[in-house]
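Subject: Structure handover

Hello,

I am passing this structure on to you. Please open it before you read my notes below.

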Amino acid sequence: GGAPTTTTTTATDEQLAIKAVERYYDELNKGMIALSSEQFRTTYKPGCEACDQAANKIDSTWAARRRFEGGSFTVTGIRVTGHPTNTRLLKLEGTVTSAPISVRDSSGRIVESDPGGSGPKFFILFQSENGWQISGMGDV
């Protein structure tokens with residue numbers, strides 16, 4: 001039971017927003033393998049700075065004839081942590097883990113590497129006519 005809330009989102013919206021965060025990382029992983037950001041860019045709203053940086057990294061790696069090795073991302077424990085009144089926004093938090101990643105040039109030489117890691121992130125999701133999309137994110 002409990003008192004009814006005045007929020008304009010439903011449990012279904014929350015589930016869809018959680019799925020949108022999962023899809024973001026799924027498409028990021030696929031984009032890194034395919035060296036194409038096209039599908040990945042559909043998971044977020046233009047103007048999400050961290051999102052654009054990830055998409056641009058995929059594109060610049062492809063343009064430089066380089067490739068990613070390793071580096072898949074997973075997100076766990078996603079939950080809704082806020083809903084500003086009378087908005088189509090939800091704030092979610094989850095733990096993002098990245099595997100170690102290398103960038104290799106066309107000769108196979110490692111030109112960049114990152115040891116990977118894990119940490120809490122927040123996500124701001126916006127409900128548009130295309131469903132829930134990430135409009136911002138960052139470290140908690």
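There is one disulfide in the structure, which is a predicted model. The disulfide links Cys48 and Cys51, with 2.1 Å from S to S. As a reminder, a disulfide is a covalent bond between the sulfur atoms of two cysteines. The link of Cys48 and Cys51 is right-handed, with 60° about the S-S bond.

Are the two cysteines buried or exposed? Cys48 has 1% relative accessibility, so Cys48 counts as buried. Cys51 has a relative accessible area of 0%, and is therefore buried as well. The cut-off for buried is under 20%.

Both cysteines also turn up around Ile134. Setting aside its neighbours within four places in sequence, Ile134 is in contact with Cys48 and Cys51. Its other contacts of this kind are Val21, Tyr24, Thr43, Tyr44, Lys45, Phe123, Ile124 and Leu125.

That leads to the core. The largest nonpolar core has 27 residues. Ile134 is among those with the most contacts inside this core, together with Val21, Tyr25, Phe123 and Leu125. Which elements give two or more residues to this core? Two are helices: H1 (11-34) and H2 (49-63). The others are strands: E2 (73-82), E3 (89-98), E4 (101-104), E6 (117-128) and E7 (131-139). H1 gives the most, with seven residues.

Next, look at E4. Both of its faces are covered. Ile101 and Val103 lie on one side, Ser102 and Arg104 on the other, and all are buried. E4 also has pairing partners:

- Strand E1 (residues 67-70) runs antiparallel to E4, joined to E4 by four bridges. Here Glu69 stands opposite Ser102.
- Strand E5 (residues 110-114) pairs with E4 over four bridges, again in the antiparallel sense. Here Arg104 has Ile110 as its bridge partner.

E4 and E5 form a hairpin, with five residues between them. Gly108 sits in the turn and has a positive phi of about 95°.

Two other residues have a positive phi although neither is a glycine. Leu35 has a phi of about 55°. Leu35 is in the loop between H1 and H2. Its relative accessible area is 17%, so Leu35 is buried. Arg65 has a phi of about 60°. Arg65 is in the loop between H2 and E1. Is Arg65 buried or exposed? Arg65 counts as exposed, because its relative accessibility is 52% and the cut-off for exposed is over 50%.

Last, the pocket. The largest pocket has a volume of about 620 Å³. It is lined by 29 residues. The closest to its centre are Leu28, Met32, Ala54, Phe73 and Ser98. Which elements each supply at least two residues of the lining? They are H1, H2, E3, E4, E5, E6 and E7.

If you have little time, start with Ile134. Ile134 is in contact with both cysteines of the disulfide, and belongs to the residues with the most contacts inside the largest nonpolar core. Then move to E4, which pairs with E1 and with E5. E4 gives residues to the core and to the lining of the largest pocket.

Best wishes

How values were computed. Residues numbered from 1 in each chain as written. Predicted model: local features only at pLDDT ≥ 70, side-chain atom pairs only at ≥ 80, totals over all residues. Heavy atoms only, no water. Core = buried A, V, L, I, M, F, W, Y, C linked by side-chain atoms within 4.5 Å. Buried < 20%, exposed > 50% of the residue type's maximum accessible area, 1.4 Å probe, protein only. Contact = heavy atoms within 4.5 Å. Disulfide = S-S within 2.5 Å. Pairing = 2+ DSSP bridges. 1 Å grid on protein atoms, 1.4 Å probe; cavity = no way out; pocket = protein on both sides within 12 Å on 5 of 7 lines; lining within 4 Å. Points joined across faces, edges and corners; volume = space filled by probe spheres on them.
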